[in-house]
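Colleague: I'm new to this one, so could you take me through a single part of it, slowly? I'd like a close look at the surroundings of ligand 2.

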Amino acid sequence: MLDLKLYLLQRLSALVMAPLVLGHLAVIIVAVQNGLTSEEILSRTQGSFWWALLYGTFVVAVSVHAAIGLRVIVFETLKLKGFALNSLTWAIFLGLFFMGARAVWAVTAVGAT
Amino acid sequence: MLRKLIDSVGPQFEAFKSQDEGLGVTETDKNIDVSVWRGGPDGGSFQRFEVPKQDNQTILDVVAWIQQNDDPTLSYRFACRVGMCGSCAMMVNGNPRWTCRTHVNKVLKNDRLEIAPLRNLPVIKDLAADMDPFFDKWREAGGVFHPTKSRNDPVEEISPLEEERQNANAGIECINCGVCYAACDVVAGNPDYLGPAALNRAWTLLNDTRDCGSQSILAAVSRGGGCHNCHSMGNCAHLCPNELSPMTSIAGLKRVTALSFLRPGN
Ligand code: SF4
Ligand code: SF4
Ligand code: FES
């Protein structure tokens, strides 16, 4: 179930994600050129504010976008509504955000691994 | 004298008669196997009828034939029979159609027809659906005209070339048949969704410069069951018998509501 605000949040998060997805694909292609090793990845990302910002933004946008999208599917197919639907939306958002933030922390924070 | 008159008119009359038969309905020796939904608000089931196949036969002809020749208790709704009033819509082989203008040949599958009341609405009896929820939503979507002038004011001149008027014109020919409402899967999944026809009406009214209710229309279509629930799959536009595109109107509402939220006062 979408009202104007959720609709806007979903569109805005999509807008943020579009260039990030393309950037992410480009990085994958460049990164695998010399084989894929954890040292190579960590040497690029560890201690880098910009990589943390890039992937951090990505994680926030994905969490918002997926939570709203799943909310609509759950509402239309399972007929969940009201408090239950809102709780589920928040749970999906927080779950995705937590997992994503942990991963970003793991590859960018110095001494995290 | 009279004899002469008859003799001279006779051949013309015969010619006229045969021409009339050629244009009208002629029976063939085939039958159509028709399943018609029978029942009331608490449920029902399909009943089978054999209906003679005719040339130029519409679905409404089939239903009327059953009611007149086989089972007079069959209930259904129609009025104009020429695609004006919007009262004859039913589900035909799974899709909503205006039955008075849908030819059997167009929708027949293996000489079989399945006719049911419009989807997404409560049933009154047999093929007559209860249209109340459909029309209640027209009001909920802000579809009642909000006048700016009284009868004492001069009639306002509206240029047909204005963009807003053209937007309104594109959706104004709705006959309230409910086909799009029955075609919409979001209505099926979300009973609160205002639906394509009511939102199309809201869009035409929003573009009507004589209407002063823009803010209330935008608020009405932005709530939980509003225009933002549309998945833009276009089944409404695909099946609308008047070839309107409620989907396009809804896209317009999404755009205008978003802009007016981001730039209040505009
Ligand atoms: S385009 Fe929107 S209103 Fe039309 S059928 Fe699809 S979901 Fe319903
Ligand atoms: S928009 Fe088309 S399908 Fe929907 S009620 Fe109007 S005429 Fe019927
Ligand atoms: S009977 Fe009027 S539109 Fe079909």
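Modeller: Sure, let's start with the shell around ligand 2: it divides into 9 nonpolar residues, 2 polar ones and no charged ones. Keep in mind that this is a predicted model. As for who is in that shell, one stretch of chain B gives C174(B), I175(B), N176(B), C177(B), G178(B), V179(B) and C180(B). Further along the chain come A197(B), C240(B), P241(B) and P246(B), which also surround the ligand.

Now picture the protein atoms alone. The space that ligand 2 takes is then the largest cavity. Going by cavities of 30 Å³ or more, the count comes to 1, and the largest cavity holds about 110 Å³ of space. Its lining is made up of 14 residues. Nearest the centre of the cavity you'll find C174(B), C177(B), C180(B), C240(B) and L244(B). The four cysteines in that group, C174(B), C177(B), C180(B) and C240(B), also turn up in the shell around ligand 2. Two helices of chain B, α6 (179-183) and α8 (196-206), each supply at least two residues of the cavity lining. By class, the lining has 10 nonpolar and 4 polar residues, with no charged ones.

For a bit of context, let's look at ligand 1 as well. It has 13 residues around it, and C184(B), Y193(B), C230(B), G234(B) and C236(B) come nearest. Here the elements giving two or more residues to the shell are α10 (235-239) and α11 (246-262) of chain B. That shell has 9 nonpolar residues, 4 polar ones and, again, no charged ones.

Finally, zoom out to the whole of chain B, which is divided into domain 1 (27-129) and domain 2 (132-146 + 160-262). Their C-alpha centres lie 28 Å apart. Where the two are in contact, domain 1 of chain B puts in 15 residues and domain 2 of chain B puts in 17.

Methods: Residues are numbered from 1 along each chain as its sequence is written. Chains are lettered from A and ligands numbered from 1 in the order in which they are written. This is a predicted model: local features need pLDDT of at least 70, side-chain atom pairs count only at pLDDT 80 or more; totals for chains, interfaces and linings use all residues. Side-chain values use heavy atoms; hydrogens and water are left out. On a 1 Å grid over the protein atoms alone, a cavity is a set of points where a 1.4 Å probe fits but cannot get out, and a pocket is an open set with protein on both sides within 12 Å along at least five of seven lines; lining residues have an atom within 4 Å of a point. Grid points are joined across faces, edges and corners, and a volume is the space filled by probe spheres set on the points. Helices (H or I, at least four residues) and strands (E, at least two) are DSSP runs, numbered from the N terminus. Ala, Val, Leu, Ile, Met, Phe, Trp, Tyr, Cys and Pro count as nonpolar, Asp, Glu, Lys and Arg as charged, and the others, Gly among them, as polar. A residue is near a molecule or strand if one of its heavy atoms lies within 4 Å of it. A molecule sits in a cavity or pocket if more than half of its atoms lie within 2 Å of its grid points. Domain bounds come from an automatic or database domain assignment. Contact means heavy atoms within 4.5 Å.
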